[in-house]
Amino acid sequence: MGKAEDDEYREFVLSRLDRLRRTAYLLCRNWHTADDLVSITLTRLYRSWGRARAANNLDAYVRAILTHAWLDEGRRPWRREDPTDRPPDRATEVSFSGASDRADLAALLTALPRRQRTVVVLRFYCDLSVTETAELLGVSEGTVKSQSARGLEILRAAVPDHVLGELS
Amino acid sequence: MKTLQTLLDESIVDPMPPFTSVDKLIARERRRRARHRVGVACGAAAAVLAVIGGVAFFGTPKGGAPPLTINPAGPSASTSAAPSPSGGFVRPSHGAETDAEISARLDAAFLARLSTVVPGASLDQMITPFLGADRVTLAEHLTFSGKGTIIMPGGAAGVELYLFRPTPGTTRADPPGIQTYKEIRERVFGGCAGAFVLNYNGSPQPRPAPTDATCAEADGPFGSRLTLVQERNGEQFSNRAVAVFPDGSAVSMTTRNDARGDPGGPPLQVMNLGQLADIVADPALIP
């Protein structure tokens with residue numbers, strides 16, 4: 001890549017870096033792993049920049065790299081986490097007061113199985129449609145809908161009903 | 001009124017640490033590219049081993065080749081794509097060809113490369129030609145594919161090849177409901193990130209969890225990008241090497257242990273990843 005392309009790449013990355021890191025954090029829930037994933041993503045983006053910059057939706061392309069890096073990490077024995085089959089019991093008395101709910105939401109998101117958490121983050125943080133999420137993950141739209149619904153059901157304890165109501 | 005997006009964002013309470021400078025990343029990648037332009041004439045396997053030496057590829061076969069050995073064969077003599085001093089890629093030009101002519105050319109190139117990289121190996125092909133035109137695999141790509149068995153004194157392995165050349169502006173005949181091509185696209189062009197994409201034929205397919213699965217990427221000759229994959233599921237064992245060239249052409253080769261191996265014995269690995277890499281990184285295999 002020449003200097004002009006490097007400058008173009010740098011400008012693109014710097015304008016997206018914060019959001020990319022936060023997306024990665026929501027997926028894996030710790031900054032160390034998140035920044036590993038972002039580094040992998042940015043490295044792959046740099047290596048394919050000549051093709052990538054011509055893409056119709058470069059943000060979607062970057063998001064796909066990040067997501068697949070995250071899912072790929074989960075397959076490696078030395079990075080494998082143990083997703084719980086039994087999500088925590090739903091809290092029945094949670095008032096939406098701010099700091100405690102942020103911690104509740106964080107804990108509940110962490111407890112979601114990897115794929116479910118990925119679907120929730122893509123759908124509701126990255127604001128992808130069902131179709132876009134299914135396309136990115138290579139699964140059916142039905143799977144995305146069911147994973148979204150299950151994920152939201154778990155998060156219900158820490159999210160006001162009026163927020164979830166708009167998502168149904 | 002807060003949205004779930006806002007709530008998720010606010011749930012990030014751990015302070016964000018400093019991030020590696022983007023300029024450092026760019027500088028590192030520039031140095032890496034400069035390093036791997038050197039020694040391009042040494043063949044794919046040497047470069048692969050140099051880059052991924054720390055990756056724990058597995059599979060000590062019984063009577064077969066060790067998992068990853070250097071096979072410093074240069075590019076096939078049949079290619080007309082001579083590397084420039086900087087390792088630049090130039091797609092071989094063959095003029096107008098019928099499918100039959102392309103098949104004959106690719107068959108000859110593959111067999112020549114196979115015999116160079118794995119002396120004594122032969123191909124037990126199920127149909128002739130071995131590499132035939134596949135009109136429905138990927139949009140905007142001319143695709144040739146073939147399946148057979150590679151036989152050598154150490155044993156045998158099933159082999160599957162996909163060869164791609166970009167043909168911008170063309171469409172594929174996509175049978176309704178068939179979306180296996182998403183898997184192929186990811187596994188060929190997706191690097192390690194796409195190496196284990198689920199097969200999807202209109203409905204999600206549960207994939208048997210492999211006992212072990214490993215992937216690594218490396219720069220190869222002619223500016224190619226190599227992806228090397230091993231998967232083991234009990235006694236089922238496969239190696240896959242993919243080379244994607246700078247113009248978007250790609251060659252993918254998978255070998256699987258043959259069921260004729262000793263029952264209950266360790267998986268039989270006929271060809272190692274270095275050998276597969278040496279084969280796929282040959283531009284003569286581009287349709």
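Is Cys28(A) buried or exposed? Cys28(A) counts as buried because its relative accessibility is 10%, where buried means under 20% relative accessible area, exposed over 50%, and partly exposed in between (1.4 Å probe, protein chains only).

This is a predicted model, in which local features need pLDDT of at least 70 and side-chain atom pairs count only at pLDDT 80 or more, while totals for chains, interfaces and linings use all residues. Residues are numbered from 1 along each chain as its sequence is written, chains are lettered from A and ligands numbered from 1 in the order in which they are written, and side-chain values use heavy atoms, with hydrogens and water left out.

**Chain A**

Select chain A and colour by secondary structure. Nine helices and zero strands will appear; helices (H or I, at least four residues) and strands (E, at least two) are DSSP runs, numbered from the N terminus. Of the 168 residues in chain A, 51% are buried. Another cysteine to select is Cys126(A), which is buried with a relative accessible area of 14%. Among contacts in chain A with a separation of 6 or more, 66% link residues 24 or more positions apart; contact means heavy atoms within 4.5 Å. With the surface displayed, chain A has an accessible area of about 8,000 Å², and carbon and sulfur atoms hold 49% of it (Shrake-Rupley method with a 1.4 Å probe; for residues, only the protein chains shown count as cover).

**Chain B**

Move next to chain B, which has six helices and eight strands. From the start of its sequence, the order is α-α-α-α-β-β-β-β-α-β-β-β-β-α. Half of the picture is again interior: buried residues are 50% of the 287 in chain B.

Select residues 99-117 of chain B, helix α4. Its 19 residues should span 27 Å at 1.5 Å a residue, and the end C-alpha atoms are 26 Å apart, which agrees; the expected span is 1.5 Å times one less than the number of residues. Buried residues of α4(B) include Ile102(B), Leu106(B), Phe110(B) and Leu114(B). Their cover includes β3 (141-152), β4 (155-166) and α6 (273-280) of chain B.

Within this helix, centre the view on Ser103(B). Ser103(B) counts as buried because its relative accessibility is 4%. Leaving aside residues up to four places away in sequence, Ser103(B) touches Pro129(B), Leu131(B), Gly132(B), Ala133(B) and Phe144(B).

**The disulfide**

Which cysteines does a disulfide join? Select Cys192(B) and Cys215(B), whose sulfur atoms are 2.1 Å apart; a disulfide is a pair of cysteine sulfur atoms within 2.5 Å. Cys192(B) lies in the loop between α5 (180-189) and β5 (212-219) of chain B, and Cys215(B) in strand β5, so the pair ties together parts that are 23 residues apart in sequence. The torsion about the S-S bond is about -90 degrees, so this disulfide is left-handed. Both cysteines are buried. A search over all chains finds one disulfide.

**Between the chains**

Finally, show both chains and select the contact, to which chain A gives 50 residues and chain B 37 residues. The area buried between them is about 4,300 Å², with 60% from carbon and sulfur atoms; buried area is the accessible area (1.4 Å probe) that two parts lose on being put together, summed over both. Five salt bridges are counted between chain A and chain B, each a side-chain nitrogen of Lys or Arg within 4 Å of a carboxyl oxygen of Asp or Glu. To end the tour, select Arg44(A) and Glu217(B), which form a salt bridge with their closest N and O atoms 3.6 Å apart.
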